[in-house]
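Visitor: Please show me the model, and let me ask what the labels on it rest on.

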Amino acid sequence: MESIELYTAEELAAILKVNIQTIWKWDREGRIHGINLVGNRMKRYRHKDIEEFLDSLEKGGHEHE
C-alpha cells in the first residue's frame with residue numbers, strides 16, 4: 001500500500017512561503033484542495049494536490065499572492 005503524504009495548513013504555508021491566511025483563502029476559493037479529517041475539524045493537504053496547484057500556477061492559472 002502506498003503511503004500518502006499529508007500536510008497541515010501551517011506546513012503548506014511554510015513550503016510555499018506564504019502566510020497561512022493565504023492558504024485558507026486559496027482553499028475557500030477552491031484553488032487548492034484539502035481533505036477534512038476528524039469530523040471536518042482538521043484539514044490536510046495531499047502532496048499530489050499541492051503539485052497540481054503548483055502546476056496550475058506555472059500554466060498561468062493564478063498568481064502567488
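Guide: What follows is a short exchange about burial and salt bridges in this predicted model.

Visitor: Why is the contact between Lys43 and Asp27 called a salt bridge?

Guide: The N to O distance between the two side chains is 3.0 Å. The cut-off is 4 Å, so the pair qualifies. Lys43 lies in strand S3 and Asp27 in helix H2, 16 residues apart, and the pair links distant parts of the chain.

Visitor: How do you know whether Asp27 is buried or exposed?

Guide: Its relative accessibility is 16%. Buried means under 20%, so Asp27 counts as buried. Its partner Lys43 has a relative accessible area of 27%, which falls between 20% and 50%, so Lys43 is partly exposed.

Visitor: What makes Lys25 and Glu29 a salt bridge?

Guide: Their closest N and O atoms are 3.5 Å apart, and the limit is 4 Å, so the pair is counted. The two residues are separated by about one helical turn because they are four residues apart in helix H2. Lys25 and Glu29 are also linked with Arg31 in a network of salt bridges.

Visitor: Why is Asp49 called buried, and Arg46 partly exposed?

Guide: Asp49 has a relative accessible area of 7%, under the 20% limit, so it is buried. Arg46, at 27%, lies above that limit and below 50%, so it counts as partly exposed. The two form a salt bridge, with the closest N and O atoms 2.8 Å apart.

Visitor: How many salt bridges does the structure hold?

Guide: It holds four.

Technical notes:
Residues numbered from 1 in each chain as written. Predicted model: local features only at pLDDT ≥ 70, side-chain atom pairs only at ≥ 80, totals over all residues. Heavy atoms only, no water. Buried < 20%, exposed > 50% of the residue type's maximum accessible area, 1.4 Å probe, protein only.
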